[in-house]
Amino acid sequence: MKYSIIILLVFTSFLKAQETRPTVQVLARSLPNKVLLRWAVDQPLAWKKANEYGFLIEKSTISRNGQAVIPIQKEQLIQSPLQPKPLRDWEALATRDQNAAVLAQALYGDTFETDAPSDALGKIYAINDELEQRFTFGLLAAEQNFEAAKLAAWAFEDINVIKGEQYVYKISVAVPLEDTLEITAGTVFAGPDLYEELPQPIGLAAVFGDGNVLLSWNFNLLQGLYTSYTIERSSDNQTYDPLNAVPLFNAQENDGQSEISLYYTDSIPNNTDFYYRIKGLTAFGETGPSTAPLSGKAEKSLGFVPRIYKKEIPTDDSAILYWEFDEKGNDLINGFEIRRANSDKGTYETVQNNIPITQRQVTIKNLKRVNYFTVVALGKNGVASESFATLVQPVDSIPPSPPTGLEAVLDTMGILKLSWTKNTEEDVAGYRIFKSNNPEVEFSEVTKTTFTGGTFVDTIPIKNLNEKVYFKLKAEDYRYNRSDFSEILIVDKPDVTPPSPPLFKNYKVTSEGVELQWINSTSTDVIAHILYRKNNTMSDRQWEEISVFTSIVDSIYVDKSIIAAGNYDYTMIAKDKVGLESTPTDPLSITWNGLNINEDAIKLSGTVNRELRFINLSWKIKDVSVVEYRLYRGTAANDLKLYKTFNGDTTSFNDTTLDINSDYWYGLQLVLSNGRISGIKGINLKY
């Protein structure tokens with residue numbers, strides 16, 4: 001049987017450079033309720049053998065609800081090798097679809113030949129023999145019809161999938177042991193949770209001409225998903241009809257470019273609005289969503305286009321433009337006009353009009369720093385024909401003005417964002433940025449080339465001794481004229497370095513307390529020094545804040561707040577203006593024996609009650625830990641004898657052992673917790 005087709009477009013995702021060892025190439029499409037598989041062997045001879053021997057499908061469950069399945073659960077999805085269906089099973093599908101007919105012919109036909117235009121042969125791999133023809137067109141046809149691929153044993157639907165599970169499918173050729181052919185198995189990862197909706201095709205654009213429109217869209221970005229496309233047209237944006245009888249494919253190999261577009265030209269009448277949209281088709285028989293419609297209309301062109309071929313700049317303020325225009329078009333136009341813009345893509349304005357139809361040069365005055373000019377032929381039919389733009393730039397030695405409005409934001413990670421007000425001069429190409437840690441020395445440039453952005457991002461070392469960083473800018477025009485420096489921008493670094501700690505210099509233990517001397521922190525941003533004390537005789541032994549010194553000249557302090565004798569530790573920290581604290585000084589350990597209590601510190605008073613016949617004595621001592629009170633009595637101040645002793649909690653005593661009309665001298669003495677004894681506080685009472 002002989003089958004002839006015209007090659008329009010070719011190269012599928014399976015048609016790749018042949019490797020030394022043939023391999024099964026596998027694709028998968030994860031759907032919410034099933035997994036679709038497509039595969040093919042990538043070399044003609046191995047492909048033919050694989051069709052004879054059939055394919056095996058192994059499914060491995062590797063995870064379930066996010067947890068690895070150990071050991072991996074493996075199962076064979078088919079009991080015997082999957083082979084192409086008999087030819088009689090193809091009849092119904094081949095009658096309806098040409099791709100199914102081509103695929104059946106590739107598998108079962110007695111002969112297989114192709115007739116292809118010579119210009120298309122340069123875009124596909126050379127098809128030198130019948131096996132390669134069957135291989136190439138069989139894969140091509142299978143990509144266009146998923147049902148035909150299933151009949152050919154190159155596709156499979158796994159409907160036994162469970163949400164939360166993920167699988168690895170392995171497709172291998174059932175090569176018998178006696179055959180030395182080695183075909184590497186292919187694997188693919190899939191699962192219902194990996195389902196993603198199909199995207200719209202990318203980058204649809206339309207260029208409307210005279211009686212036609214050229215459509216283009218990006219093929220490269222979605223080539224792993226869509227194998228072909230359909231184009232639809234509408235005259236009312238309501239009802240769309242397909243334009244291409246067969247889906248469109250990419251007709252060339254990817255030569256490493258980041259963007260490859262497909263093109264389609266549609267012939268349409270002029271001055272009528274049309275709407276276009278495209279849809280992508282997958283190798284699994286799915287049709288993706290259409291693009292948003294593009295609309296426009298074709299318009300009659302003038303047929304002749306002016307071309308600027310020469311320009312002269314005799315003065316800094318004027319230019320002469322020369323252009324060509326076919327004299328055959330003179331009768332079709334009313335004349336010419338010159339249009340100008342600040343950029344080649346900018347908005348063009350007419351700067352000179354009413355130029356006669358025979359004139360081919362013009363002088364333009366009042367040039368700006370940058371000028372893009374076009375010559376426009378004005379047709380009598382209302383259609384204009386415009387030349388390509390040409391740049392005219394007079395000699396420019398005037399630099400731009402210095403940049404203004406410098407601002408910076410610096411975070412604690414050292415990321416600095418520098419911004420400024422852009423210059424208003426039209427020919428400013430960009431900026432040069434300079435930085436220094438000292439405003440008195442030369443600034444170094446941080447931009448290696450002209451910076452064209454609006455915000456400059458830099459990384460600043462934070463943990464060093466410099467508290468500030470300085471920036472200034474220069475503007476640069478397209479002629480490399482540089483402005484003067486801008487005003488210097490001072491950027492305060494965030495303080496992330498704690499201050500240096502203070503240092504204990506000397507100390508003195510007195511009966512009044514502990515005198516401490518220290519050397520303040522050397523950091524310049526310190527706002528306070530904080531003194532802490534710890535009582536080592538206490539069970540919790542917690543540091544206690546004693547005093548805060550906010551004056552940088554303070555360096556001596558007498559701690560009179562100690563109540564009880566014992567062993568104490570002192571330490572200090574420095575604190576800066578952002579709240580960072582230094583490491584504590586090494587603890588200073590001292591032993592304090594307590595206060596020396598003289599008799600003036602004892603408050604002793606007495607009251608005579610003759611009616612009840614007693615003398616009441618009471619006493620008070622502040623902030624002293626007393627173990628025992630000793631009460632002395634006598635008839636004279638120098639004749640005191642120990643009379644009574646009381647525990648440290650007693651604060652009064654009623655003396656009832658009295659003689660009427662007698663003078664009594666009392667004395668009170670304290671025994672402190674450290675064993676020291678105070679002086680005797682005396683009092684005289686008459687009874």
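Start with strands β30, β31 and β34: these 3 strands form an open sheet in that order, with antiparallel pairing. Two strands count as paired if DSSP finds at least two bridges between them, and the strands themselves are DSSP runs (E, at least two residues), numbered from the N terminus like the helices (H or I, at least four residues). Colour β30 (503-509) and β34 (556-559) to see the edges, since each pairs on one side only. On average, neighbouring strands of this sheet are turned by 20° against each other, direction ignored; the axes behind this angle are lines fitted to C-alpha atoms, for helices over the stretch in contact, and angles run from 0 to 180 degrees between N-to-C directions.

A word on what you are viewing: this is a predicted model, in which local features need pLDDT of at least 70 and side-chain atom pairs count only at pLDDT 80 or more, while totals for chains, interfaces and linings use all residues. Residues are numbered from 1 along each chain as its sequence is written, and side-chain values use heavy atoms, leaving out hydrogens and water.

Now select β31 (residues 514-519), which is joined to β34 by 4 bridges. Show Gln517 and you will find its bridge partner, Ile556, in β34.

Next, go to strand β25 (residues 428-436). Here 8 of the 9 residues are buried, meaning under 20% relative accessible area (exposed is over 50%, partly exposed in between; 1.4 Å probe, protein chains only). Add β28 (residues 468-477), which pairs with β25 in the antiparallel sense over 8 bridges. Ile433 of β25 stands opposite Leu473 in β28. Then add β26 (residues 444-445), antiparallel to β25 and joined to it by 2 bridges; look for Lys435 with its partner Ser444.

From β28, step across to β29 (residues 489-492), an antiparallel pairing with 4 bridges. Tyr470 has Ile490 as its bridge partner there. Which residues of β29 make up its covered face, and which its uncovered one? Leu489 and Val491 are on the covered face, Ile490 and Asp492 on the uncovered one. In a regular strand, side chains alternate between the two faces of the sheet.

Last stop: helix α3 (residues 98-108). Because 8 of its 11 residues are buried, α3 is largely enclosed by the rest of the structure. Among the buried ones are Val102, Leu103 and Leu107. Show α1 (44-53), α2 (91-96), α5 (130-144) and α6 (146-151), which are included in what covers them. Finally, zoom in on Asp97, which caps the N-terminal end of α3 with a side-chain oxygen 2.8 Å from the backbone nitrogen of Asn99.

Note on methods. Contact means heavy atoms within 4.5 Å. A polar contact is a pair of N or O atoms within 3.5 Å; within protein, one must be able to donate a hydrogen and the other to accept it, and residues adjacent in sequence count only if both atoms are side-chain atoms.
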